[in-house]
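Hi there,

Here is the structure I promised to pass on. Have a look at it first, and my notes follow below.

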Amino acid sequence: MTTQSVSASFMLNTGEIVDMRTTCTDNQTNELLVSTDYAVSAVSIGTYAEGKAIAQIISPITAATGYVLYAYINRRGNIQSILPVGRAGVQWTPCNPMANLVFQAGDTIEVFCVAAANAGRYAAYSLITTSGTHAVFSGQAASGNVALTHVLSGAGIGGALTGQSIASHFFVSDEDSLITSGNGVYVLNDRGLPVGACSATNPANQQPIMNRMGGCTIGLNFVARLSCSA
């Protein structure tokens, strides 16, 4: 398996900068640890910053040669907050934290990176609902239709978020012109009709940014679908 350096930097509510850097294995989830460049040891964010909070995301979580598909703060096996992602050298703007969260011991930052453009044809849909639920749905593009599933539970968007409404979201894919589902991901209702949508961002070209367009209320049998022509 290939590896690459993944990094990020955060300003905490105490005014200190946390430098994060870890060599991660591609195509699987890895924990991003505090860098030993400015800390005594490489530890989890919950250990380093217990009782503190992210005030500003100075640099999103980026990969050195490929890009980060998705990232989130994990608390006791649940997604506590999604995090912005990208590719080193292409990121261009700091971000506000996506949740009001005070770190606890045991909190970790989990990341999924890919080696290079179109490696594995991975795609990920990160979203926040109006009730404050954070979720990530992913899959591998193929010719035709692919239903994205929750990265932890494996459930579809309908099973995972029934009755909740999407407030903001971003979709990461480098399928570019091969995408036929509205240049991004469609949320289909129980009749197979699109009722929500999010356009795709290719991290090789620009930093994915959260947006509030195209949200919808999720029903039980809804599907997050990526369609490609090849």
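To start with a small puzzle: which residue stands opposite Tyr-186 in E16? In this predicted model, the partner of Tyr-186 is Arg-225. The two strands involved are E14 (residues 184-188) and E16, paired antiparallel over three bridges.

That pair belongs to an open sheet of eight strands with mixed pairing, in the order E11-E16-E14-E15-E13-E9-E10-E12. Strand E11 (144-147) and strand E12 (149-150) sit at the edges with a single partner strand each, so one side of each has no neighbour in the sheet. For E11 that partner is E16: the two run antiparallel and are joined by four bridges, with Asn-145 facing Ser-227.

Elsewhere in the sheet, strand E9 (residues 122-129) pairs with strand E10 (residues 134-140), again antiparallel, over seven bridges. There, Ala-124 stands opposite Ser-138.

One loop residue also caught my eye. Asn-211 is found between strand E15 (194-201) and strand E16 (223-228). Its relative accessibility is 24%, and because buried means under 20% and exposed over 50%, Asn-211 counts as partly exposed. The side chain of Asn-211 reaches the backbone nitrogen of Met-213 at 3.0 Å. Beyond its neighbours within four places in sequence, Asn-211 is in contact with Ala-167, Ser-168, His-169 and Cys-198. Thr-130 is 81 residues away from Asn-211 in sequence, with a C-alpha to C-alpha separation of 13 Å.

Happy to talk any of this through.

Best wishes

Terms used: Residues numbered from 1 in each chain as written. Predicted model: local features only at pLDDT ≥ 70, side-chain atom pairs only at ≥ 80, totals over all residues. Heavy atoms only, no water. Pairing = 2+ DSSP bridges. Buried < 20%, exposed > 50% of the residue type's maximum accessible area, 1.4 Å probe, protein only. Contact = heavy atoms within 4.5 Å. Polar contact = N/O pair within 3.5 Å; in protein donor to acceptor, adjacent residues only side chain to side chain.
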